[in-house]
Amino acid sequence: MKHRLEVWAARTWAGLKGRVMSWPGWVRYWLITVVMVGVAYLDVTEPNYPGPKDWTYWVSILACVVIVARRRYPRLVLCLTLPGLYAGTSLVAAMVALYAVARSRRAAWQAWLASAFLWFGTYLPWPISKVMTESPGDHVQRVIYASIYAIGPTALGLLVQTREALRARVQELATLRDHERELHAQTVIARERARIAREMHDVVSHQAGLIAVQAGALQVTAKDPDVREAAGTMRGLAVATLEELRSMILVLRAAGAGPTELAPQPRLADLPRLVAESEADASLDVVGYSEDALPLLPEPIERAAYRTVQEALTNARKHAPGAATSVRVELREDCLRVAVTNAAPPTGPVDRDPQLQLPGGGHGIVGLRERAALLGGTLAAGPTADGGFKIRLSLPLTASAR
């Protein structure tokens, strides 16, 4: 039965507290103020009823009234309540004012100084000459009660002030945490967009460029008008696809892509097939290991090397169709080096026809440099002395890369 009463009392109090806390702040403030003023008034009038209404009574009444402004002027209110405490009976009003000073965002020493004033006001009798006539036991009792009345409101006010400061700090930290989560989400999205853009350029653009090159060659060499028309249509569609891809890459591209890529990804073992299917006069030269026994390097390094060769072959088909291209892959103890060199493009009808030029977004070399930089390597690209073009990639085989 006792347990049920405790549960009922706890639930009732929680419900009442919830309803009160749902009220507007100014309503709660004035409700508490009215209760405090009423209690302080009873504290003043009870010992003076029906006694004389002298000046000590009126300074005590003033102390009860001024606590209405305790939140806005806490120190001034405390000063106005001290006369009623020293010469009158306004103990409750002085304790309320002391609590207001301790709770306000002031220095802690101000609260303890105010506590000392209240302690002396509670300890000293009125008139002060009574101190000499009281017994030691009365003095001990006064010290105990004065300490309780002075330290209690001060400690409670400082505790509430600390609690509010901690609550404000927790809310600030929660706001910062939400902001950091939002920034992290934006960063993840930006990196994912960059990876998608790079994969679109490396994979889809590679295949679409190959279709456009083959269709262009067929359009130039075919003798049947229907075949040339069909080849032209195919090439136009491929070129339009490349243009759309370039626009999408411009939209998706963002800085800060991480090293994690989409799967599955090609490796060094796929280089012979890539070179063979490149539809270009390309040759593969492997140094440091055999094509039949390819080493197992860290996946990001193999992927970067593959993409570099793929991009270089695509550029060679675009800008130097028919030119001889050499791919050299060299494995050293400390690094992997890849070099793709194409000769100057031969003179032919494909080169002279501006309509057969394939569109380019200019992001291929940029993406390759980003890949190399993420792995701690370098990539250099530029024309050669004989009019060709060369791309050189160097990736370190460090523990971090593995």
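**Spans and salt bridges**

Colleague: How far apart are the end C-alpha atoms of residues 109–128?

Modeller: That span is 75% helix and 0% strand, where helices (H or I, at least four residues) and strands (E, at least two) are DSSP runs numbered from the N terminus. This is a predicted model, where local features need pLDDT of at least 70 and side-chain atom pairs count only at pLDDT 80 or more, while totals for chains, interfaces and linings use all residues. Residues are numbered from 1 along each chain as its sequence is written, and side-chain values use heavy atoms, with hydrogens and water left out. The end C-alpha atoms of residues 109–128 lie apart by 27 Å.

Colleague: OK, and which residue meets R103 in a salt bridge?

Modeller: A salt bridge here takes a side-chain nitrogen of Lys or Arg within 4 Å of a carboxyl oxygen of Asp or Glu. For R103, the N to O distance is 2.5 Å, and the other side chain belongs to E164.

Colleague: How many residues apart in sequence are the parts that this pair ties together?

Modeller: R103 sits in helix α5 (residues 91–103), and E164 in helix α7 (residues 136–221). So the parts that R103 and E164 tie together are apart in sequence by 61 residues.

Colleague: Is E330 buried or exposed?

Modeller: E330 pairs with R332 in a salt bridge, with the closest N and O atoms 2.9 Å apart. Buried means under 20% relative accessible area and exposed over 50%, with partly exposed in between (1.4 Å probe, protein chains only). R332, at 36%, is partly exposed. E330 has a relative accessible area of 18%, so E330 is buried.
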